[in-house]
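Trainee: I should be grateful for a close look at one part of this structure, with each term explained as it arises. Please start from a single residue and then set it within its surroundings.

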Amino acid sequence: MKKKLFSNKLIKKLMLAFIVVLILAGLGYTGATLYFSNQYYNETTQRLHANLAQDLIDEKFVNESPIDSVGNVNKALFGDIMHDMMAVNKAIEVYLLDTKGNVQYSVVLDHSDPDKTQEKVSLEPITNFIANKGQRYVLGDDPRNKEEKKIFSAAKFEKGGKEGYIYIVLAGQDYTKTKSLLLNGYSQKLGLGISMLTLVFAGILGLFSIWYLTKNLREINYAAERFQEGDLQYRINENEKTDLTGLAQTFNSMADTIVSDMDRIKSLEKLRTELIANISHDLRTPLAIIQGYIETLQIKDEHLTEVQRNNYLNKINSSSERLSKLIGQLFEYSKLEANQIQPVKEPFLISELANDIHRNYQMLAAKKQIDLKLEMAEKTPLVFADISLVERAIQNLMDNALKFTPEHGEVVVSIKPSVTDVEITIKDSGPGIAKENQHLVFERYRQTKTGKEKEGAGLGLAIVRKIMDLHNASINVLSQPNQGTAFSFSLPVYQLG
């Protein structure tokens, strides 16, 4: 079977996400490039022209003051400055400021409406610039647009008893407009170029990256398809070395669990088949006996003696009792297996329960000429369990012991307390169970060679184990052929408080 390269939906989503990320990254890169390029240019321009204002003062204001003795601006002097600016740099604007930042006069070259010039600019950037000697990037107010900040050069002058500042904007409005137009065109070209490159490389890098990043995912998908098609033994090799270690290990664990569950279901199905066969056999036997004797009574009723008739009726009664007991066990076991019975635990005296059971089984034991004994300490502590379920477990063990103990044999019930629990043991002197068969006796309808193969093993011991499971306890068997069998289990001692 060939591996699928990708899942169509997955590849589309990954490619779309990858392209979107690259386009956003390209737009971000374009914006960042333009922003930092502009910052770099502005800072470079300011550094190069940091001494422009001071040079202007040193050159033009050596012999003349920008403000005469009566406080009027020396416009002739600024006319010379305008002439020099036109020859050197038309982008700059020169402003004369008083010590409070008020604009006294301006020299601009675009012949704009002078009324657009602000009356005052902030002195804080100017003083910072002068204090740092123009070595730090500082933006100041644009006298012609209060919403903008511009690079500048500034210097303080003191002449003829007058003080103020020469404030030179290094990027005037004409320069700004021209720069904006060029920048928009440059931005479109740069953005379009980066976008095209992004789309080209996105496809190439996207396919390669997705192929590389989804390699382990494809392997897991392939393993799942193999498993789905019936290769139940296929597993992801070296799962701890993959990029998706957790997912790979989970898949392997899931596959093992599914295979284990399938094996268990097959085993249960086999046991169910055996159970139905055994139930059918055990139900058929007493039914056949009952039916046979009833037919005999109907056919030969007039020719039967009273003794024969009573004998037939006794056979019918014993078979019906056996049938009733079997049906009761089936009903009880089915409820236990379906978890329909939950233990109601309470403290009780196990010694009293043992005495009651011993007394109830005395007549049956005597009828079979079996010596039934009860051994326990004088003071036995309270145990904490479901008294009715424990009684049922002990009764089943007693039935089993009396069933397989021969005449003149012995059955001993012993109660042995310890600090934390009380051990209950039922020991018989029957034929015993071979070691290799001991683990089978608690399985439903499992036949073991005990010398009485004509009687089904029944569900008694299986019910006992289910009851012990409900109490988080275990049932143990100790037996050897021809030396009897002992079943034991322990119940926790009831702790006050």
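Mentor: N472 counts as exposed because its relative accessible area is 72%; here exposed means over 50%, buried means under 20%, and partly exposed lies in between, with a 1.4 Å probe and protein chains only. The model is a predicted one, in which local features need pLDDT of at least 70 and side-chain atom pairs count only at pLDDT 80 or more, while totals for chains, interfaces and linings use all residues. Residues are numbered from 1 along each chain as its sequence is written, and side-chain values use heavy atoms, with hydrogens and water left out.

N472 sits in the loop between α11 and β11 (476–479). Helices (H or I, at least four residues) and strands (E, at least two) are DSSP runs, numbered from the N terminus. Although N472 is not a glycine, its phi is positive, at about 55 degrees. Most residues other than glycine have a negative phi. K133 offers a second case: this residue is not a glycine either, and its positive phi is about 60 degrees. K133 lies in the loop between α4 and β3, and its relative accessibility of 65% places it among the exposed residues.

The helix α11 (460–470) leads us to the interior, for it is one of the elements that each supply at least two residues to the largest nonpolar core. Such a core is a set of buried Ala, Val, Leu, Ile, Met, Phe, Trp, Tyr and Cys residues joined through side-chain atoms within 4.5 Å. This core holds 45 residues, and I350, I394, M398, I424 and I426 touch the most other members. The greatest contribution, 8 residues, comes from α10. Beyond its neighbours within four places in sequence, M398 is in contact (heavy atoms within 4.5 Å) with I357, Y361, L372, V411, V413 and I426. A separate core has 19 residues, including L77 and F78.

The strand β3, which follows the loop of K133, is an edge strand of an open sheet, as is β2 (103–107). The order of its 5 strands is β2-β1-β5-β4-β3, with antiparallel pairing; two strands pair if DSSP finds at least two bridges between them. Between β4 (residues 145–159) and β5 (residues 162–169) there are 8 bridges. Helix α4 (residues 124–131) packs on this sheet, touching β1, β3, β4 and β5, and its direction makes about 55 degrees with that of β4. For such angles, axes are lines fitted to C-alpha atoms, for helices over the stretch in contact, and values run from 0 to 180 degrees between N-to-C directions.
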